[in-house]
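Reader: I should like to examine the terms applied to this structure. Please set each value against its definition before drawing a conclusion.

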Amino acid sequence: MTFLTKLDHFARHIVPGLTVAVLVVLGLMPLPLPYYGPVSPSLSFAAVYFWSIHRPDLLPPWACFVLGLFLDLLLGVPPGLNAMVFVLTHWILGSQLKFFRNQSFSVLWGCFIVICFGAGLLQWVLVCLFEFAFVSPIPALIRAGLTAAFLPFVSWILGRVEKLVLPN
Amino acid sequence: MKSGQHGNTRVAVSLRSTAQRFSVVLLIGASMVLMVAARIDERAVNFVRANTVDALSPILDAMAKPASFAARVVEDARGFVYLRQENERLVAENIRLQQWQNLALRLQAENNDLRRLLNFRRDDAEHFVTANVIADTSGSFTRSVLLDRGTEDGVNRGQLAMSGEAIVGRIVEAGRHSARLLLLTDTSSRVPVLLQDQRARAILGGDNTDTPKLLFLPSDTEAKEGEWVVTSGYGGGVPSGIPVGVVTGGENGTFSIRPFADFARLEHVRIVDFGVGAGDLEIAERPE
């Protein structure tokens, strides 16, 4: 393997992680929409879901952890909050990979809705614990719903990326 | 031979899955430890956060530009549609503001005279820095934005940020070229305030809704709907009399405040360093 092929191989293999990182940054774009910020969908979470099913080998648990931590540091939330959810999602999907691989998109979408609400509730409980205060769960639930609604869009884009960059 | 190879593969696969499971447990444990550690040593976390944001600020800055351009286009289009109504509204407002300006000038002259009589020392804001909002980091549990100015521009932790004449929030983390602004609506935001008419002191505490609440208001005080809330200057760092918001209603002795600042359309903010002492700003009168 020459140096260039090695480089090409490496570049292709970091694509899943890179797309998640790009979506993390894109999610921070200040859009002048009222009430948008608190409920803005977590596109990066949808991307973690996508890659965990399609190419879990290229998005290992540690990468999920690092990307989640990156999101946490940028958002200013307790570090580990999204990292934990990313790792857990990857693990749940990984342990049932055979089931998920053979499903139609509508079933995958249904599962994602359940996972989004589960993740939202888990984060809400953790934030209440760590802030020693009752925080309203409603924005987290709306956000979970919006994130779930964006899965087809994110899947479509990432599907294209996968076909283009990772043909095998 | 073949069965031996098979056995080896099986062992390798099971070892791999055990290692993976172990790493998942380890990473989840690390997340928990990090959350607890962040609670214990906030300074270290702030340092890491500020440096991460700093490193990324050129990218965030570049990305905020098209967003703000799009916002301006939409705003312009809306402006054209309502040009006529907007003009009528502005003419009427101009007449009203001119009356206020006359009053303000008269009051300012009177104020200056009285200050001279009292030998009052005027502590103006030490400096202003205008910063662009480069990222909206508000989420389900936080209300904050990132700014493109940091310690090298004189922006430091604890400083106030204003939009127009109203308070938006406070700087909670400052890197060299970026800073995090905690909005008034965040759960951890606390600003000492005063009911302008009744002179009753309270703390304005955010609760992640659009209407922060008045905390520690003396029990015999009933905030009236429409009453202005201004900073009290208690606790230092924040001068008194800066407009914060207006009382919108109350339930069971808890009063909600609608901040004057429009958080959905924050593009630029003014970061004000008042030093340790209190300062005072231009007159802000309540329009009738």
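Author: A salt bridge is a side-chain nitrogen of Lys or Arg within 4 Å of a carboxyl oxygen of Asp or Glu. Under this rule, Arg49(B), Glu173(B) and Arg180(B) are linked in a network of salt bridges, and the count over all chains is 10. This is a predicted model, in which local features need pLDDT of at least 70, side-chain atom pairs count only at pLDDT 80 or more, and totals for chains, interfaces and linings use all residues. Residues are numbered from 1 along each chain as its sequence is written, chains are lettered from A and ligands numbered from 1 in the order in which they are written, and side-chain values use heavy atoms, without hydrogens and water.

Reader: What makes the pair Arg12(A) and Asp8(A) a salt bridge?

Author: The N to O distance is 3.0 Å, and the pair qualifies because the limit is 4 Å. The two residues are 4 apart in helix α1 (residues 3-13) of chain A, which means a separation of about one helical turn; helices here are DSSP runs of H or I with at least four residues, strands are runs of E with at least two, and both are numbered from the N terminus.

Reader: Where in chain B do Glu86(B) and Arg89(B) lie, and how far apart are they?

Author: They lie 3 residues apart in helix α3 (residues 83-118), so about one helical turn separates them. Their closest N and O atoms are 3.0 Å apart, giving a salt bridge.

Reader: Lys213(B) and Asp207(B) also form a salt bridge. Why is Lys213(B) called buried or exposed?

Author: Buried means under 20% relative accessible area, exposed over 50%, and partly exposed in between (1.4 Å probe, protein chains only). Lys213(B) has 18% and is therefore buried, whereas Asp207(B), at 23%, counts as partly exposed. The closest N and O atoms of this pair are 3.0 Å apart.

Reader: Why is strand β6 of chain B described as largely enclosed?

Author: Of the 6 residues of β6(B) (190-195), 5 are buried, so the rest of the structure largely encloses this strand. In chain B as a whole, 39% of the 288 residues count as buried.

Reader: How do you know which strands pair with β6(B)?

Author: Two strands pair if DSSP finds at least two bridges between them. β6(B) and β7(B) (residues 201-205) share 5 bridges in the antiparallel sense, while 3 bridges join β6(B) to β9(B) (residues 228-231), also antiparallel; both counts therefore satisfy the rule. Leu194(B) has Arg201(B) as its bridge partner in β7(B) and Val230(B) in β9(B). The hairpin of β6(B) and β7(B) has 5 residues between its strands, and Arg199(B) in the turn has a positive phi of about 55°.

Reader: How many residues place chain B in contact with chain A?

Author: Contact means heavy atoms within 4.5 Å, and 43 residues of chain B meet 45 of chain A in this way. The count of salt bridges between the two chains is 0. On the side of chain B that touches chain A, the elements giving two or more residues are α1 (2-40), α2 (42-81), β1 (127-136) and β2 (144-147). Among these, α1(B) gives the most, with 14 residues.
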